[in-house]
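Work through the following exercises with the sequence and the coordinates at hand, and compare each step with the solution that follows the task.

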Amino acid sequence: MKTVKRSILVGVALGALAGCSDPESCRIETTAAGQRMVCPDGSSSPLGGSGGCTVIEGEAGAAIVRCPDGSETVIPAPSKGRDGSDGKDGGDGQNGRDGVDGDNGRDGKDGAHGEDGSDGKDGSDGADGKDGATVLVRLVDLPAGAECPGGGVAVYAGLDLDGDGILDLQTEATSREVVCSGLPGKDGTDGGDGQPGAPGRDGTDGKTALLRLDPEAAGPNCTYGGTAVRSGLDLDGDGALSDDEVTATHYLCNSPAYVLGVDFGDLRFLESGSRNHVTIRAMLGGAFDPLRRLRWRLQVTDDLGAPIAGLAIYLPPPPGEVAGSAGGAGGAGGAGDAGDAGGEAGAGGAGGAAGAGAPDVDTWTDFVTTDPQGFAILRSGFTVREDGLDSYDGATLDLGLEIPAPGAYRLRLVIEDIRTGEVIADRASEELAAAPLTTLVYFSDFEDLHPNTPGVGTVLGRLDRTTAPDTPVRWRYRLTSRGAPVVGAELGFPEAGEEGLPATSWTGTIALDGQGEGWLGAAAGFPASELQVIGGVARRVRVDLPAGDYLLEAEVVAVAAGAPIAHGSQAFTLQELGSTIQLSVDEAILAGQRSLLAVALSTASTYASSETFHLHLRWTDRAGAGAAGLSIFRGPPGADPNGHAGWTDVVRTDAAGEAIYPVALTAAELQSPSRYWLFLSLEPPRVGRFALSASLVRDADGQVIAEAPVVEVEVDP
């Protein structure tokens, strides 16, 4: 037990103990004035003083008061009393001052990742970066000199700043290295002669190669004979090539001594579902065996070369078997040669077919049929003399060809020897278009007409089979301008024999009446059958009209009924040419080589014919900067453009890429209805992508009156 000694006054202590009704429940309190013993009844007594009593702490919190006289009093530890009732809350005290911030605590562990937020809107595109320049290397040969005594190569490197594919040594080269060739070494001293070697053994003599030329008769090796060239070694040394020494034979064959031509004429169209009249002509020239027997074979294929089997090809009847009525039609011709022949032979009929013009293939009954290879034998067993192949006009084959379905076809004619099978001629036609016969009126070439200048358009007419072939029909034309009839205008047509003459020489004319209408040809008309051909019948029309908008109508009218059975129209505009330039050149040309440039020019009619102009050309790179050094050649007046590679007069583009055609052009030249064509020859010096432009400048005041659209040109190595 721990003992704590305290001094207390004995008298007081005893009095205090005597005054306590329950000493065991008294307690000792320590105050600023000292120690006191306080009892439950409220009495208290101070401790200490002269008495010298001491207080000793006992077990379990008890206090022992021990005095000098030996007496001691045990004061047990106070027991817990019942909790008193809570007192009333006191009023809030004033807020104290904020304490000093404590140190930051350690960071906590990262939390789990949250879900991704939705994507934000795309930002606007940034500006395109500039293309990087290409690194180029250029090698330049160096002559022998101070830098390289033996010559060499200068190696330049740099960036292709202008994008022309060529390193410019002045503006683009940034480095230069020189690789020199070594100088030839001095000749070494000749070595001494060696000792002569022992003679070698004699070699075996070689055999001599020989040729022998022998005539070759006509036969399987050479159809028309020739020369056999035989070669080999002279094994027996006699200087002649014997048959047993021949090791190879080649034949030099003669060409045929004749030429045989085949002509399909202007055959281009066939009427599907009907019988077509086809004429094939052949002519043989030169020496040909007059006793050889030949045959004609015709093959029909589609446009892919597949044979058309089972096709009927109708053949004309032998002379004298044509109906007599056809001869009567021929006799009606009167004084004409064809008419006389038809009248005299009318009873027999052969002359009637001649007089009537084209044969009526629908009346033919003899026919041959194509085999699985598309071939049919048309005629067989004749000689060239019998068939007329060697005559002045040659031989003619008239056929009736009936194509069942629309499509594209080809004809192939083979003339061959019956006995040997040798092909004497093998010719194919152009592609033929087969289609049903329909009624139409078609116009062409009216878009190229110019005001106050005679020009020519074409009107094509065709009738289907619904009109009887012998129906008289007639052409009627009507011309209006914005709905109003063009009264008094004149349309020109070629009369018989004038088709090959210039349009200004045609004598056939139509004067348009008060309705803007006019009739072509005789009032009796012509048979509808003339227009019932698959290719139609084209008539050329001459017009000479002032500037304006027009509508030309053409009708095929049945004469008896006065009603049109075919109609078509064509709107066209005649306008004055303005001042224009048009350039035409290949889009890809080669550096250092010539390419033809065609320039079409025109000026408005407002310029006086004596005014002069110059053509300005500009050559630029793909960055738009002028490109110097383009050579522009011109030929002499009237020179053939196909010979431009030989032209020598030249101008070249300057540092700004410009060049002026040196010859002045007059307004009179440029006011041609069909434009003025100028041909030049271009020779670009280097590869790259360039642009060519042009302008027409009036000399009087330097005014640009026309500019050509820019033409992009790729110059390749």
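The model is predicted, so local features need pLDDT of at least 70 and side-chain atom pairs count only at pLDDT 80 or more, while totals for chains, interfaces and linings use all residues. Residues are numbered from 1 along each chain as its sequence is written, and side-chain values use heavy atoms, with hydrogens and water left out.

**Exercise 1.** Determine which residues Asn 276 touches beyond its neighbours up to four places away in sequence.

*Solution.* Begin with the contact criterion, heavy atoms within 4.5 Å. Once residues up to four places away in sequence are set aside, Asn 276 touches Leu 270, Glu 271, Val 361, Leu 399, Gly 400, Leu 401, Ile 403 and Ile 534. Next, place the residue: Asn 276 belongs to strand β15, residues 275-286, where strands (E, at least two residues) are DSSP runs numbered from the N terminus. Finally, classify Asn 276 as buried, because its relative accessibility is 8%; buried means under 20% relative accessible area, exposed over 50%, and partly exposed in between, with a 1.4 Å probe and protein chains only.

**Exercise 2.** Locate the disulfide and establish which parts of the chain it ties together.

*Solution.* Take a disulfide as a pair of cysteine sulfur atoms within 2.5 Å; a search of the whole structure then finds 1 disulfide. Cys 222 and Cys 253 form this bond, with their sulfur atoms 1.9 Å apart. Cys 222 sits in the loop between β10 and β11 whereas Cys 253 sits in strand β12, so the pair ties together parts 31 residues apart in sequence. The torsion about the S-S bond is about -75 degrees, which means that the disulfide is left-handed. In accessibility, Cys 222 is buried at 1%, whereas Cys 253 is partly exposed at 43%.

**Exercise 3.** Describe the open sheet that contains β10, β11 and β12, and identify its edge strands.

*Solution.* First, apply the pairing rule, by which two strands pair if DSSP finds at least two bridges between them. The open sheet has 3 strands in the order β10-β11-β12, with antiparallel pairing. β10 (209-216) and β12 (246-253) each have a single partner strand, so they stand at the edges and one side of each lacks a neighbour in the sheet. Then examine one pair: β10 and β11 (residues 226-233) run antiparallel over 8 bridges, and Leu 210 has Gly 232 in β11 as its bridge partner.

Technical notes:
Helices (H or I, at least four residues) and strands (E, at least two) are DSSP runs, numbered from the N terminus.
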